[in-house]
Structure formats: C-alpha cells, structure tokens
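Please open the structure in a viewer and keep the selection tool at hand. The tour below goes from one selection to the next.

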Amino acid sequence: MISRNLHDFAEAARERGIALGSRELQLFTLYDEGLRLWNQKMNLISKGDIDQLPIRHFLDAITPVPFLPRGNFHLLDIGSGSGLPGIPLKIVMGEWRLTLLEASRKRASFLKDMVRRLGLQDVTVIHDRTDELIRRVEGQGAYDAVISRATFKLPQLVETASYFLRAGGMLVAMKGNVPEAEWDESIKICNKVDISIKETHEFSLPPTNMQRKIIIYNKSN
C-alpha cells in the first residue's frame, strides 16, 4: 500500500512535470522501507528528516529530471551516500545507466542492497574515493553526466566532474545557498577546465519552503 506521504510526493512531482506511475511508486515504497531499516544501523538520513523522506529527499532528488536528456545516458552520482539523488533518478528514468560512487564501505553496502531489493538494472556501485580513481586514471571521460547533491563545494565539484565527463557532457550541481566566495572560486575553476554554466533553476521545497538551486554545466573539451 502506498503511504499518504508518497501520495503527496507523487502530486508534488506531477506539479513539476514528472509523472509517477504505480511501478515508480512501488519502487519508492521499497526504497523508503530500505532507508528506514538501514537507518536504524547507520546514519543515512537525520532523525528529523526520516519522516519526511518522500518530500524532503525523494522530491528534491528528482527535480533535475525535466532538464536532463532521455534515452541512452550514463550518469555518475558522486558521493551517493544514501543513494540520493541517483536511485530516485534511476527509478524515474529507467533507461539510464547509473553509477553510484561512494567512499564509505558501509554506505556502499547499503547501495548494493538497495539496487538488489529494487531490482534495478544497469546500475553499478563503486566503493572508492574520487581522488583515488583520478590518481589511478580510471573512469576518465567515461560519463555523459555527473551529478552531486550538496556533497562538495562547487569549486571541487566542477574540477572533479571535468575529469569524469566526456566532451559535451554535463554536470548537474544540486545546492542550497551558495556563498559568494564559493561561487566566484567555482567560476575561476570553470574557466580552467573548459566547463561553462548552461542554466540555473531555483525552487522552494515543501513543506519548509527550503530554497534549492540546480546548476547545469556543459563541458566543451
């Protein structure tokens, strides 16, 4: 049975142009259950947010969908942690290939369990650090898009994404408030690594009206 919170989540997603059918809602139900189960053993979601998972986290995670391509598309979620935003995006956009990169062994184990429980296809979980992959020259230019949800400051995220993105690929940065100094430093890094800002989108997240920002970049070379 779909919970009231998930019904509210589906309605809020519809208002953003994202239609969720019975299959997607069943998968989100399983994901919700798995997150709550694992959260009893490790800190994946704060206790204050656990009862607001669908709106506070699932809705936030899928808000980039209207701005991303369809079809054959390989997405890298850096610092995936609790699977956000990668797993919700994969639930909605089943045709995408997804790689979840996570440095914590325990969290990587959680991600593998969720992929199995949800029966997600074309999903790879990598337990490693971004700097270690770069040091070993692994995954360079291998992805159509890189995404991260408030895991890194913008300068570090832009520089890291430039390594993993193919030419013409995109970086999707999901942020809250970005301090001016952080923004200015990220612009300097963009100029060094041939990445430019394509578009930005700002919105408020119910029920707290928390301000969120999606920044989409393109890599030219």
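Helices (H or I, at least four residues) and strands (E, at least two) are DSSP runs, numbered from the N terminus. This is a predicted model, in which local features need pLDDT of at least 70 and side-chain atom pairs count only at pLDDT 80 or more, while totals for chains, interfaces and linings use all residues. Residues are numbered from 1 along each chain as its sequence is written, and side-chain values use heavy atoms, with hydrogens and water left out.

Start with helix 8, residues 180-192. Helix 8 lies across strand 5, strand 6 and strand 7, at about 150° to strand 6. Such angles run from 0 to 180 degrees between N-to-C directions, with axes fitted to C-alpha atoms, for helices over the stretch in contact (heavy atoms within 4.5 Å).

Next, select the sheet. Its seven strands form an open sheet in the order 3-2-1-4-5-7-6, with mixed pairing; two strands pair if DSSP finds at least two bridges between them. At the edges are strand 3 (123-127) and strand 6 (195-205), each pairing on one side only.

Now pick strand 1 (residues 74-78) and strand 4 (residues 143-149), which run parallel and are joined by three bridges. Asp77 has Ile147 in strand 4 as its bridge partner. Add helix 7 (residues 154-164), which packs on the sheet and touches, among others, strand 1 and strand 4.

Finally, select Leu20: among the residues it touches are Phe9, Phe28 and Val92.

Key:
Lists of a residue's contacts leave out its neighbours within four places in sequence.
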